[in-house]
Amino acid sequence: MPSREAALARAAAVFDEGGFRSRLADLVAIRSTAQEPGFEAELHRYLDAAIRPWAEGMGFSVAIHPNPVAGCGPILTAARIEDPSRPTVLLYGHGDTVRGLDEQWRAGLKPWELIEEGDRWYGRGSADNKGQHALNLAALEAVLAERGGRLGFNVRLVIEMGEERGSPGLRDFVARNRDLLAADVLIASDGPRVEPGMPTIATGTRGTWHCDLVVRLREGGVHSGHWGGLTTDPAVRLTHALGSIMDARGKILVRDWLPGNGVPAEVRAVLQGCPVGGGEGAASIDPDWGEPGLTPAEKIYGWNSFIVLAMTSGRPENPVNAVAPDARAHCQIRYTVDSDPEGFGPALRRHLDEHGFKDVAIENGTVRMAASRTPPNHPWVRWAQESMQQSLGERVQIIPNSSGGLPGDVFVDHLGVPLVWVPHSYNGCKQHGPDEHFLIAPAREGILAFAGMWWDLGEAGTPKG
């Protein structure tokens, strides 16, 4: 008789005998970067040549749609509906990647070739996001085989090819296709675990708000010998303005940016005892950086952060003896749903004016990706936690939102689904730089966790809301 244990054994065999690694190697070999011109055909090839036949082989009806935003990557939808009275899960992923950065990978590694070294698989997209959504599909295939060609529930699939550009067109597409994507819950994978060895569920993501801070003082540079000490240096003005926004130990001084009532009680409760660790090769955690009085988990999962992503004045690559005409800093706020991004720009303008920086312009203030959160105690979240703990035999940490951004808000706003993100990667995977890799042990746990959830979805006792 088909059984849960046998389904997990099938998934483990696919992983241990090299079937999944081979599949991932084929996916990584497709140069589906959305951040470089000239690879548009590869975005289509990923969906049409790799995902479509795989999904159709599992009984999905598949369609590939043009993006509502001209020039952006296509979107694949697929559906496998067995019984409308049974639960329907929406599975999301993105097949596009960031730039390959071919010349920056260390010797022996290549971005578009899956290379195994020790406990990891190297390759662009291995962790973000090809490896993650491929694990979930491979687990689904194993459960389908164990149940003799049926699942006992319904699946809808959406894979976009523009997430690394901020998911252009996705919101419009989902809004236009509510019936095509209707589901009871979104269960998908992206981002990092709280620690490499700790299975994690995130119930949302932080949003990102960006702006440029600019000081423009003159048309061109002026001789540093004749004018240094006499005319205002824009870089110095901008530096002091930034110092008024955040103190020397990372505390945000624009307090109107922050959650008005602090970290919500339910967020604080779910983060109690939550570890934070990036793993080997990750940046270190500075305990005295950031908001005083918060734990590291509260800082990264329950609070907002301010980051200067880039800053220029003059010609850093070829300095000249001149007082520069202007200075610019591109800044970012990572924020939770407990803050209103519509107020970020006005609050910053008030703050700069009050501190004597009326000469600092705020330009291009915009939300790149909105925040989202499903309550951590939602029935679907607790159901997923129990299923994963049964499959893996260890504690599964719930976090209220991951530290990074994903388009979960799109699915909440237009489909009304709760969010269950189950990441298979870790903070040190170098996903947006050279030497991106997927840790093999968490990946194996990922295929087992999803095989268990897919099995349990076909049984009685799934949540009603």
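1. In this predicted model, helix H1 packs against helix H4 (residues 130-146) at an angle of about 130°, and the two axes lie 8 Å apart. H1 and H4 are therefore oblique to each other, and the crossing of H1 past H4 is right-handed. On the H1 side the contact involves Ala6, Ala7, Arg10, Ala11 and Phe15, and on the H4 side Leu135, Ala142, Val143, Ala145 and Glu146.

2. A second helix pair concerns H12 (residues 379-392) and H14 (residues 440-457), which pack at an angle of about 120° with their axes 8 Å apart. H12 and H14 are therefore also oblique to each other, and their crossing is right-handed. H12 contributes Trp380, Trp383, Ala384, Ser387, Met388, Gln390, Ser391 and Leu392 to the contact, while H14 contributes Glu445, Leu448, Ala449, Gly452, Met453, Asp456 and Leu457.

3. Turning to the aromatic residues, the structure contains twelve aromatic pairs. One of them joins phenylalanine 15 and tryptophan 121: the ring centres are 5.4 Å apart and the planes meet at 40°, so the pair is tilted. Because phenylalanine 15 belongs to helix H1 (residues 4-16) and tryptophan 121 to strand S5 (residues 120-122), the pair ties together parts separated by 106 residues in sequence. Both phenylalanine 15 and tryptophan 121 are buried. Phe15 is also among the H1 residues that make the contact with H4.

4. Tryptophan 257 and phenylalanine 344 form an edge-to-face aromatic pair, with 6.4 Å from centre to centre and 70° between the planes. Tryptophan 257 is located in the loop between helix H8 (234-245) and helix H9 (265-270), and phenylalanine 344 in helix H11 (residues 344-354), so this pair links parts that are 87 residues apart in sequence. Tryptophan 257 has a relative accessible area of 1% and is buried; phenylalanine 344 is likewise buried, with a relative accessible area of 1%.

5. The pair of tryptophan 257 and phenylalanine 344 belongs to an aromatic cluster. Its members are Trp209, Trp257, Phe306, Tyr335 and Phe344.

6. Two arginine residues are placed over aromatic rings. The charged end of arginine 23 sits over the ring of tryptophan 54, at 3.8 Å from the ring centre. Arginine 106 lies over the face of tyrosine 122, 5.4 Å from the centre of that ring. Strand S5 (residues 120-122), in which tryptophan 121 lies, is thus worth viewing together with the arginine 106 and tyrosine 122 arrangement.

Definitions and conventions
Residues are numbered from 1 along each chain as its sequence is written. This is a predicted model: local features need pLDDT of at least 70, side-chain atom pairs count only at pLDDT 80 or more; totals for chains, interfaces and linings use all residues. Side-chain values use heavy atoms; hydrogens and water are left out. Rings of Phe, Tyr and Trp (its six-membered ring) pair if their centres lie within 6.5 Å; planes under 30 degrees apart count as stacked, over 60 as edge-to-face and the rest as tilted. Helices (H or I, at least four residues) and strands (E, at least two) are DSSP runs, numbered from the N terminus. Buried means under 20% relative accessible area, exposed over 50%, partly exposed in between (1.4 Å probe, protein chains only). A charge sits over a ring if NZ of Lys or CZ of Arg is within 6 Å of the ring centre and within 35 degrees of the ring normal. Axes are lines fitted to C-alpha atoms, for helices over the stretch in contact, and angles run from 0 to 180 degrees between N-to-C directions. Angles under 35 degrees count as roughly parallel, over 145 as roughly antiparallel, 65 to 115 as roughly perpendicular and the rest as oblique. A crossing is left-handed if the near helix is turned anticlockwise from the far one by less than a right angle, and right-handed if clockwise. Contact means heavy atoms within 4.5 Å.
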